[in-house]
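Thanks, everyone, for making the time. I would like to walk through one model this morning, beginning with its enclosed spaces and then turning to a few individual residues.

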Amino acid sequence: MAKLSDKEFLELWKTHQSASIIAKIMDMDVRSIHRRRRNIELKQQQVLPPKNVVINVKRTDNPAKKELGIENGVVIVFSDAHFHPNIHTTAYKGLLWAIKEFQPKAVIANGDIFDGASISRYPRIGWDSVPSVIQELKACDIAMGEIEETAKKARHNVNLVWTLGNHDARFENRLAANAPQYEFVKGFSLKDHFPAWHPCWACWATDNVVIKHRWKGGIHATHNNTVNAGVSMVTGHLHSLKVTPFNDYNGTRYGVDTGTLADTDGVQFENYLELSPTNWRSGFAVLTFHNGKLLFPELVMKWEEGQVEFRGKIYDV
């Protein structure tokens with residue numbers, strides 16, 4: 001399949017409109033055909049319906065790019081919440097406080113609100129017990145609903161954006177691999193459960209600030225992200241919560257890691273990490289824009305249980 005170009009695949013699909021037929025022609029597994037089809041749909045932003053399925057409306061659950069065009073105001077970005085049943089962390093409570101305090105023009109969930117422990121590709125660790133998909137969905141629904149309600153009370157026209165993460169993708173990846181016949185059925189996309197949030201792969205706050213879940217890896221990810229992107233880049237994924245400025249002839253830009261909204265020693269990570277120490281921090285980022293330019297990004301970080309640190313002060317949340 002690697003030798004088949006996207007253009008050639010599209011021609012085959014146009015002719016046959018059947019994964020099973022194309023799989024026989026190419027001597028490939030049907031699931032591989034469905035994965036290739038899905039990847040092309042995401043890249044080309046078009047739908048490749050199977051035979052006898054007519055799509056009359058533009059597909060709206062296709063993650064792509066969201067542009068905000070912020071000139072002045074605040075954007076709050078959190079990530080890696082890995083929401084767990086019956087747990088509301090200090091960073092989460094701090095997020096609600098910050099939304100009320102700064103009335104942001106946009107609140108961005110920068111990936112991995114959903115953990116997907118029970119549908120991970122990784123094997124179970126011993127006899128550990130993890131939440132079911134429905135338990136996780138309910139936890140996400142409660143938390144995201146409260147964030148949404150708080151944000152709309154603070155600013156009625158707030159933008160709610162969700163840049164999808166690798167853990168979020170577990171939901172649909174499992175279904176696409178094991179139940180491809182249910183494609184287009186409502187509820188089989190994670191987005192269907194959070195209709196108020198705009199899903200995308202990348203959100204551009206301005207022409208010079210992009211927010212996405214991940215790009216470069218490693219301890220120098222924030223530096224490498226902004227150096228290689230040529231713009232300020234705000235990412236999650238690594239849970240490190242830090243700001244790395246970078247200057248060249250074009251001026252100053254920033255690499256930002258938005259940390260994790262979960263507790264760094266949360267139950268989600270206990271067995272996975274074997275209780276090892278981590279270079280993680282619990283918190284989120286506050287981005288302030290003036291005349292379309294990003295000021296030095298600020299971080300809200302958990303100080304103690306029920307307290308966050310921000311601008312040299314400790315706040316009870």
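**Cavities, an arginine and two cysteines**

The largest cavity has a volume of about 60 Å³, and I should say at once that what you have on the screen is a predicted model. As background to this part, rolling a probe the size of a water molecule over the atoms shows where empty space is left. The search gives two cavities of 30 Å³ or more.

Let me stay with the largest cavity for a moment, since you may want to pick out its walls on the display. Its lining includes A81, F83, H84, I87, H88, T89 and Y92, together with L261, A262 and Q268. Sorted by class, that lining consists of six nonpolar and four polar residues, with no charged residues.

The second largest cavity encloses about 30 Å³ of space. Around it you will find R214, W215, K216, A221 and N225, and also T235, G236, H237 and L238. Here the classes come out as three nonpolar, four polar and two charged residues.

Now to a single side chain, which I think deserves a careful look. R253 sits in strand β10, which covers residues 251–257. Is R253 buried or exposed? With a relative accessibility of 8%, R253 counts as buried, because the cut-off for that label is under 20%.

Which polar partners does the side chain of R253 have? One is the backbone oxygen of T226, which lies 2.8 Å from a polar atom of the R253 side chain, and another is the side chain of D248, joined to that of R253 by a polar contact of 2.9 Å. If we leave aside residues up to four places away in sequence, R253 touches T226, V227, G230, V231 and S232, as well as T244, P245, F246 and D248.

Finally, the cysteines. How many disulfides does a search of the whole structure find? The number is zero. Why is there no bond between C200 and C203? The sulfur of C200 has its closest cysteine sulfur in C203, at 5.4 Å, and that is too far for a bond because a disulfide requires the two sulfur atoms to be within 2.5 Å. Taken from the other side, the sulfur of C203 likewise has its closest cysteine sulfur in C200. Both residues are also labelled by accessibility: C200 is buried, with a relative accessible area of 1%, and C203 is buried as well, with a value of 0%.

That is where I will stop, and I am happy to go back to any of these sites on the display.

Technical notes. Residues numbered from 1 in each chain as written. Predicted model: local features only at pLDDT ≥ 70, side-chain atom pairs only at ≥ 80, totals over all residues. Heavy atoms only, no water. Buried < 20%, exposed > 50% of the residue type's maximum accessible area, 1.4 Å probe, protein only. Helix = DSSP H or I, 4+ residues; strand = E, 2+ residues; numbered from the N terminus. Polar contact = N/O pair within 3.5 Å; in protein donor to acceptor, adjacent residues only side chain to side chain. Contact = heavy atoms within 4.5 Å. 1 Å grid on protein atoms, 1.4 Å probe; cavity = no way out; pocket = protein on both sides within 12 Å on 5 of 7 lines; lining within 4 Å. Points joined across faces, edges and corners; volume = space filled by probe spheres on them. Nonpolar A, V, L, I, M, F, W, Y, C, P; charged D, E, K, R; others polar.
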